[in-house]
Amino acid sequence: MLSVTNLHATVGGKEILKGLSLEVPAGQVHAIMGPNGAGKSTLSYVLTGRDGYQVTEGTATLDGEDLLALAPDERAARGVFLSFQYPLEIPGVPALTFIRTALNAQRRARGEDEVSAPAFLKLAREKAAALKIDFEMLKRALNVGFSGGEKKRMEILQMAMLSPRFLILDETDSGLDIDALRIVADGVNALRSPDRAMLVITHYQRLLDYITPDAVHVLAGGRIVASGGPELAHELEASGYERYEKAAA
Amino acid sequence: MSLSTAIRDRDVAQLPSRRDEDWRWTDLRGLIRMLPPPSAPVEGDLGEGVFDELVRRKIVVANGRGEALIEVPAGETAWVALRFISKSDGAHAASARVTVGAGATLHLFETYEGEGGYVAQTTLTFALAEGAAVERVVLAADSPGGVSVSQAEVSLAAKADFAQTVVTSGGRRQRIETRVAHPGGHASLRLDGVYLLADKAHADLTTVVTHDGVDGTTEQLTKGVVRDQARGVFQGRIIVAEGADRTDAKMGHHAVILSDKAEVDAKPELEIYADDVACAHGNTVGALDEDALFYARQRGMNQAEAHALLTEAFIGQVIDRIDQDEARDVVRAWAAERLRA
């Protein structure tokens, strides 16, 4: 699925990723943990093609296709989805309009027919109910005036509607209380499947109690400095990142 | 100094120029070296207007021929489509007089439709009696080669309600000006505008509101999207005269510039001579929000789709304020077509 080799990237001329390598096979969930400033968000933006994140060396492929050569929307059409740490507010665009525009743009890019309005609304009702999102909220401007938890649920709703193949969750647990965390985790777990893979980026181990990863990687100083099973997350929770930060320095 | 006298006398010296403070961004003297001859009458079918289906009465003024008279008797309601059509390379002046009686309501849907390199002046007067209500929706689709100046003088009586939305795609040089004499007395005024400019289009939305009595409200929201080498001008002046206490006036102008060569000039002015007033204004000019653009693209929209979605949303906040549902839909569709072009 995702294969990253020796990735170097700069932001504003400063090197943030310094030779990051990572393999996430289809069907698996991998967690990336690391201290603040390690490059976790940079990794998510580099993989999704945000302006200002310059790749200077290395490769990133999805099922063998060079991701880095594609525009952000082309990556999305191939199934790359980023759940934002800070979801954007889009004044004037109802959530439903935003999601339908995105879904149809992806479908057109893949040469598929656009989804009909009734079929879209049925799907939206179903997915919103599963995430305990009031359907009326989807008629309001996307994320405008939503609480932190509502925004995160809205990200998961978009994920469920767009049905991506490779999911990146950037600090999805931040700002969530325990009930919201469980709803979000259930939504994410419902998307686990043999032909999907996920990268769960988190600072804390808490989220991984609900979304059990197949592997945990420690990102420090712009590189993966340790990898292990789910137990690695618990060990980090107990002992902190200091050891790895020293190793990366 | 006005375009109408210049056209009448075929004298370019009478054109407003950049030396007139009010016209410094919409210089006609420097643009027009020679006034063209008077426009000939328009031959043939003038087609349907975009608002024709919403109204009972349709008035067409083509190449300045005829004056439009709209009189709504007290207590009655009228729906009128008023089309100013310019189809020539000549010069012409058109006019309209609108009177709305006490407690009467007028829904006026006004369009400017152009073809050719004309020079056109349109002069309108609106007189609203006590408790009269007017919703004026203006769609200005002048031709890229046309020079057009539309000037409206509005006088309100107490408890009158005048709500205006001007949506324009500009012209070679275009100005849409509205001057309102506001008596206070619980009369309310809304003056909204949208300019969507591409290529070398120029649009100037100028408004002057004079609050002369206590207890008046004015609300104003103008938004613009300019790209290529287009130029948008917004001049909004609200004067609150001495003694016009408890005036509540809000003015907002916000523009998005989508290219390095596009330009927006804005001059919001509040002149307040009364003591007890609530006045606010906001003015912003900038690019589309990069974060929001990336967010939309990460969800699968290409650059053009993301631009269109975000700019439609941006101006949608103005269009949403049109009261009349069907007219709002016509305007929204017209604007969307221009943003997606």
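**A sheet in chain A and its contact with chain B**

User: Which strands make up the open sheet in chain A, and in what order?

Analyst: In this predicted model, the open sheet of chain A has four strands in the order S2-S1-S4-S5, and their pairing is antiparallel.

User: Which are the edge strands?

Analyst: Strand S2 (14-24) and strand S5 (65-66) of chain A are the edge strands, as each pairs on one side only.

User: How many bridges join S4(A) to S5(A)?

Analyst: Two bridges join strand S4 (residues 53-62) of chain A to S5(A), and these strands run antiparallel. Within S5(A), A:Asp66 stands opposite A:Thr61.

User: Turning to chain A as a whole, how many helices and strands are there?

Analyst: Chain A has eight helices and ten strands. Its C-alpha trace spans about 55 × 40 × 35 Å along the principal axes.

User: What does the radius of gyration of chain A agree with?

Analyst: The radius of gyration of chain A is 18 Å, which agrees with the value near 18 Å for a compact globule of 249 residues. Of these 249 residues, 45% count as buried. Among contacts in chain A with a separation of 6 or more, 71% come from residues 24 or more positions apart.

User: And the contact with chain B: how many residues does each chain give?

Analyst: Chain A gives 21 residues and chain B gives 17 residues. On the side of chain B, helix H2 (290-298) and helix H3 (303-319) are the elements that give two or more residues. H2(B) gives the most, with seven residues.

User: What kinds of residues are on that side of chain B?

Analyst: The side of chain B that touches chain A has seven nonpolar, five polar and five charged residues.

Definitions and conventions
Residues are numbered from 1 along each chain as its sequence is written. Chains are lettered from A and ligands numbered from 1 in the order in which they are written. This is a predicted model: local features need pLDDT of at least 70, side-chain atom pairs count only at pLDDT 80 or more; totals for chains, interfaces and linings use all residues. Two strands pair if DSSP finds at least two bridges between them. Two residues are in contact if their C-beta atoms, placed from the backbone, lie within 7 Å. Ala, Val, Leu, Ile, Met, Phe, Trp, Tyr, Cys and Pro count as nonpolar, Asp, Glu, Lys and Arg as charged, and the others, Gly among them, as polar. The radius of gyration is taken over C-alpha atoms; the globule rule is 2.2 Å times the number of residues to the power 0.38. A residue is buried if 20 or more other C-beta atoms lie within 10 Å of its own, exposed if 12 or fewer, and partly exposed in between; C-beta atoms are placed from the backbone.
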